[in-house]
Amino acid sequence: MNILLIDDEDRVFDRLKRTFKDQDDIIITHCKNFHHFERYLSLYKIDIMILDLNNDGGITGETETGSKIYNTVYEKYFLPLIIYSGYSDNYDNPHEDNIFIKKIQKGSSDIKQLKSAINEFKLFVEKKISITSSINKNISNVFRDTYQKFSKAKSTDIGSRTDLFTNLMRRRLAASFDYGLDTGSIKAWEIYLYPPLDSNNLLMGDIIRKKGEDKNNPASYKIILSPSCDLQQGQDPVEKVIVATFKQIREAYNKKDKIKQGILSTSSPNRFMIFHELFGEFPHMACDLKSLEIINFNKIGQEADKEFEKVVSIDSPFRESLSWAFLHINGRPGLPNRDFKSWEEDIKKKCFIEPEPSQ
């Protein structure tokens, strides 16, 4: 694990080196010049950054530079960041709720706090390294396999051959991340794609929220039921979008003992589909497939003048199961009640007759 310290003082670097001298898996690199930090990020595979906001031991022009480094790291990289400064308490962190950003005041117990923060980030970093390694392996295998299959292609149309090659790689690479995975049962919230891959394009199964409404109130949310092909930009999108509304769980199932595993796990279409909470975004809630609304397509978007914003997408195949449930609940023909009891008795009597013994 590589840690980058951006601080003009050698003594801080020396203290950190002594603190982690017995941990061979931690390497600390020192950048004394604030303006060179991106060069260090490109030269070393940095996993955690420790940033002193100020140079020369006081609030100077370098304070602004330290803030710029912070903003650059936040916007461009996934990099756990520790703001480590004698003036960190005076720094108004705009992302105070981000678990990957910590503030530590320089002082008598600062190294102990630094060590604790680094060890806390270590698990996340190890997971990131593992995922990155898996991604790189997949990319390498897909490139190799596609190259070997098409290296002898006879086509003289270089443009068509290149398009075929790159598109096959792109699609095969996307599929390779899911194919053959055996991770056992997934968590209920793993059906979500969050943040959504594209905040502007809409898909069936996207959950949207009315702007300015309470995040903890299911009534603030709706789920899109219109077909994805009608919603894509540049494809003559529909003017109106069909959505289903959400209710609190206790409104859909008014008694606690009605919540059984069967309700949560059934693949049969039900009027209510229960969605697991997404931490920090929305609570446990029930989608009511019989409570439908029509809203204008142009009211959904990230722009300030839009009424609704896209919060999360539902991953496949759960998106398709939602479509199936919607069609089943709202598209089934109405049938009169039939005498199933006498039918059952007739089947038992006529279809389960023991054959006569042969003479």
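Q: How many bridges join strand β7 to β12?
A: In this predicted model, four bridges join β7, residues 207-210, to β12, and the two strands run antiparallel. One residue to look at is I208, whose bridge partner in β12 is K310.

Q: What is the order of strands in the sheet they belong to?
A: The order is β6-β12-β7-β8-β9-β11-β10. This is an open sheet of seven strands with antiparallel pairing.

Q: Which strands stand at the edges there?
A: The edge strands are β6 (192-193) and β10 (272-275). Each has a single partner strand, so one side of each is left without a neighbour in the sheet.

Q: And how many bridges join β6 to β12?
A: Two bridges join β6 to β12, and these strands are antiparallel. Within this pairing, L193 stands opposite S313 of β12.

Q: What about the other edge: how many bridges join β10 to β11?
A: There are four bridges between β10 and β11, the latter covering residues 285-296, and the strands run antiparallel. Here F275 has M285 of β11 opposite.

Q: Is β12 mostly covered or mostly open?
A: β12 is mostly covered, with six of its seven residues buried.

Q: Which helix lies across β12 and its neighbours?
A: Helix α8, made of residues 318-331, lies across β6, β8 (221-224), β9 (240-247), β10, β11 and β12 (308-314). Relative to β11, helix α8 runs at about 80°.

Q: Do side chains in a regular strand alternate between the faces of a sheet, or what do they do?
A: As a general matter, side chains in a regular strand alternate between the two faces of the sheet.

Q: Changing topic: which five strands form the open sheet with parallel pairing?
A: That sheet has the order β2-β1-β3-β4-β5. Its edges are β2 (27-31) and β5, each with a single partner strand, so one side of each lacks a neighbour in the sheet. On average, neighbouring strands of this sheet are turned by 20° against each other, direction ignored.

Q: How many bridges join β1 to β3?
A: Strand β1, residues 2-6, is joined to β3 by four bridges, and the two run parallel. L4 is one of the residues in this pairing, with M49 as its bridge partner in β3.

Q: Which strands does helix α1 touch?
A: Helix α1, residues 10-19, packs on this sheet and touches β1, β2, β3 and β4 (81-85). The direction of helix α1 makes about 180° with that of β2.

Q: Now charges. How many salt bridges does the structure hold?
A: The structure holds 23 salt bridges. Among them is the one between K106 and D52, where the closest N and O atoms are 3.2 Å apart.

Q: Where in the chain do K106 and D52 sit?
A: K106 is in the loop between β5 (101-105) and α4 (110-150), while D52 is in the loop between β3 (48-51) and α3 (61-76). The pair links distant parts of the chain, 54 residues apart.

Q: Are K106 and D52 buried or exposed?
A: Both K106 and D52 are buried.

Q: What does E293 form with K222?
A: E293 and K222 form a salt bridge, with the closest N and O atoms 2.9 Å apart. E293 lies in strand β11 and K222 in strand β8, so the pair ties together parts that are 71 residues apart in sequence.

Q: Why does K222 count as buried?
A: K222 counts as buried because its relative accessibility is 10%, and buried means under 20%. E293, at 34% relative accessibility, counts as partly exposed.

Q: Where do D346 and K350 come in?
A: The side chains of D346 and K350 meet in a salt bridge, 3.6 Å from N to O. Being four residues apart in helix α9, they are separated by about one helical turn. D346 counts as partly exposed at 34% relative accessibility, whereas K350, at 57%, counts as exposed.

Q: Which residues do shared salt bridge partners join into one network?
A: The network consists of D7, E9, R11, D52 and K106.

Q: Last topic: which residues form a nonpolar patch on the surface?
A: The patch is formed by F340, W343, I347 and F352, with about 460 Å² of accessible area together. W343 is found in helix α9, residues 340-351. At 47% relative accessibility, W343 counts as partly exposed.

Methods:
Residues numbered from 1 in each chain as written. Predicted model: local features only at pLDDT ≥ 70, side-chain atom pairs only at ≥ 80, totals over all residues. Heavy atoms only, no water. Patch = residues over 30% accessible without salt bridge, like charges linked within 9 Å, V, L, I, M, F, W, Y side chains within 5 Å. Areas by Shrake-Rupley, 256 points an atom, 1.4 Å probe, with all protein chains shown as cover. Salt bridge = Lys/Arg side-chain N within 4 Å of Asp/Glu carboxyl O. Buried < 20%, exposed > 50% of the residue type's maximum accessible area, 1.4 Å probe, protein only. Pairing = 2+ DSSP bridges. Contact = heavy atoms within 4.5 Å. Axes fitted to C-alpha atoms, helices over the stretch in contact; angles between N-to-C directions.
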